[in-house]
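Subject: Structure handover

Hello,

Here is the structure for you to take over. My notes on what was found in it follow below.

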Amino acid sequence: MDTSVKQSPEPPAPAPAAAAPSPAAYRNLILATVGFALTFWAWNLIAPMSGDYKDRLGLSSFQQSFLVAVPVLVGSLGRIPVGALTDKYGAKLMFPLVSALTIVPVLLLIPAKNSYGAMLAVGFLLGLGGTTFAIGVPLVNAWFPPHKRGFALGVFGMGMGGVALSGYFTPRIAKHVVAGALVVFALVAAVLVTDHPGRKIPTDTLAHRLGEAGKLRVTWELSALYAIGFGGIVAFGVYLPTYLKTWYEMSPTEAGTKAAGFALVTVVFRPIGGWLSDRIHPAVVTSVALLLAALMAIVQAFEPPLNPVGTIALLAMAAGLGTASGSVFALVSQVTPQPKVGSVTGIVGAMGGLGGFVPPLVMGAIYSAKDSYAIGFMLLSDLALAGCVYAYGRMRTIQRDG
């Protein structure tokens with residue numbers, strides 16, 4: 001007869017507390033956000049002065065629009081190779097390098113201002129400033145643990161406020177000020193930006209890494225969602241002053257001020273989207289945010305008076321789009337293998353930037369044909385509703401990492 005005493009199993013060890021981000025993580029987050037804002041300011045130097053260039057060079061409306069679009073298109077597409085290069089060489093090299101290279105076209109704007117061809121060439125080079133988004137996301141993502149990544153990436157995303165800074169300050173200060181700020185940042189970044197010691201360095205070629213990122217289904221799903229969220233922000237940043245002047249008969253100054261308020265709301269709500277994504281699945285946050293944007297677009301399609309209904313609808317729409325922009329990149333950080341974050345970020349960021357330039361063209365064409373913006377807002381609501389349903393129905397099933 002077995003008289004041995006059966007030992008009760010040992011209770012499981014308590015799970016370790018979630019690791020807190022290190023001081024180095026916050027240092028890199030601050031540097032990345034400042035660098036993102038400065039380079040985005042440089043990226044947008046032409047747009048606030050486009051009216052002056054139109055008068056100086058005798059440009060048509062199409063030539064003016066093309067001049068403004070060149071740096072944005074180059075910056076959006078440039079995120080794809082820059083993100084992959086960041087995977088390979090790290091933000092320690094890429095951030096100061098791209099910031100320093102952006103100084104060149106900033107200074108060239110001064111001698112180029114009397115030639116349309118020269119301005120196009122400078123605009124092409126200014127596109128470099130728009131690529132730093134694909135450097136900062138993998139840097140911040142690597143330094144922060146999963147339970148803090150959403151908020152951290154949202155804070156970094158506030159650097160897109162550099163576009164608003166450019167709109168306000170560029171007409172008031174010399175280009176040398178922006179160039180000087182970039183010089184200081186490039187030097188500081190070269191010393192203080194550090195890649196995470198556990199960063200995995202890919203050994204395959206740039207083309208192969210981009211191909212592998214392109215094969216991931218989630219890359220294109222996230223691209224579509226980001227094209228709606230961030231693309232909507234870019235579209236309104238470009239077209240909202242025109243819409244307010246045309247439909248509500250505002251002065252250019254008043255329209256610009258209200259458009260700046262829209263941009264400020266999107267900047268503030270981006271980290272809120274990330275913060276919520278640390279507590280709720282980011283797909284759910286994205287779905288609710290896009291639903292809000294869709295409903296407000298429907299309200300605005302009925303062309304309400306600006307005060308108070310139109311103002312409330314536009315600001316609530318800004319809150320929804322800003323929140324979605326933050327939550328989508330919280331989702332990127334959770335579903336993308338760490339060595340591919342830069343490559344995936346490059347593609348997703350490029351699609352978001354490009355997604356902002358179709359709606360203004362559509363809105364302008366619809367207004368020219370129908371003398372109304374209602375159809376344009378209904379199309380926006382349809383896109384946002386589609387994103388809402390897809391985010392909740394498909395992306396919600398992707399498990400959180402960590």
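A residue counts as buried when its relative accessible area is under 20%, as exposed when over 50%, and as partly exposed in between. Leu97 has a relative accessible area of 38%, so it is partly exposed. Please keep in mind throughout that this is a predicted model.

Leu97 belongs to helix 4, which covers residues 91–112. Between Leu97 and Thr345 there are 19 Å in space, C-alpha to C-alpha, and the two are 248 residues apart in sequence.

Helix 6 and helix 15

Thr345 also appears in a helix pair. Helix 6 (residues 133–143) packs against helix 15 (residues 341–355) with the axes 9 Å apart and an angle of about 140°. Because of that angle, helix 6 is oblique to helix 15. The handedness of this crossing is right-handed. On the helix 6 side, the residues that meet helix 15 are Phe133, Ala134, Val137, Pro138 and Asn141. Their counterparts in helix 15 are Val341, Gly342, Thr345, Gly346 and Gly349. Sorted by class, the contact of helix 6 with helix 15 has five nonpolar residues, five polar ones and no charged residues.

Helix 15 also contains Ser343. Is Ser343 buried or exposed? Its relative accessible area is 1%, so Ser343 is buried. Apart from neighbours within four places in sequence, the contacts of Ser343 are Gly83, Ala84, Asp87, Arg209, Leu210 and Ala213.

The loop before helix 6, and helix 7

Thr132 sits in the loop between helix 5 (116–126) and helix 6. With a relative accessibility of 0%, Thr132 is buried as well. If residues up to four places away in sequence are not counted, Thr132 touches Phe36, Thr39, Phe40, Phe95, Val98 and Phe156.

Phe156 is in turn one of the buried residues of helix 7. The others listed there are Arg149, Gly150, Ala152, Leu153, Gly154, Val155 and Gly157. Which helices cover the buried residues of helix 7? The cover includes helix 1 (23–43), helix 6, helix 12 (252–277) and helix 14 (306–335).

The length of helix 7 can be checked as well. Helix 7 has twelve residues (residues 146–157), so at 1.5 Å a residue it should span 16 Å; its end C-alpha atoms are 17 Å apart, which agrees. Helix 13 gives a second check: its 20 residues (residues 282–301) should span 28 Å at 1.5 Å a residue, and its end C-alpha atoms are 28 Å apart, so this agrees too.

Backbone points

Most residues other than glycine have a negative phi, and most peptide bonds are trans. That is the background for the following three places.

- Glu303 is not a glycine, yet has a positive phi of about 50°. Glu303 comes just after helix 13, in the loop between helix 13 and helix 14. Its relative accessibility is 28%, so Glu303 counts as partly exposed.
- Glu249 is not a glycine either, and has a positive phi of about 55°. Glu249 is in the loop between helix 11 (217–247) and helix 12. At a relative accessible area of 71%, Glu249 is exposed.
- Asn307 and Pro308 are joined by a cis peptide bond, with omega about 0°. Pro308 is part of helix 14.

Regards

Key. Residues numbered from 1 in each chain as written. Predicted model: local features only at pLDDT ≥ 70, side-chain atom pairs only at ≥ 80, totals over all residues. Heavy atoms only, no water. Helix = DSSP H or I, 4+ residues; strand = E, 2+ residues; numbered from the N terminus. Expected span 1.5 Å × (residues − 1). Buried < 20%, exposed > 50% of the residue type's maximum accessible area, 1.4 Å probe, protein only. Axes fitted to C-alpha atoms, helices over the stretch in contact; angles between N-to-C directions. Parallel < 35°, antiparallel > 145°, perpendicular 65-115°, else oblique. Left-handed = near helix turned anticlockwise from the far one by under 90°. Contact = heavy atoms within 4.5 Å. Nonpolar A, V, L, I, M, F, W, Y, C, P; charged D, E, K, R; others polar.
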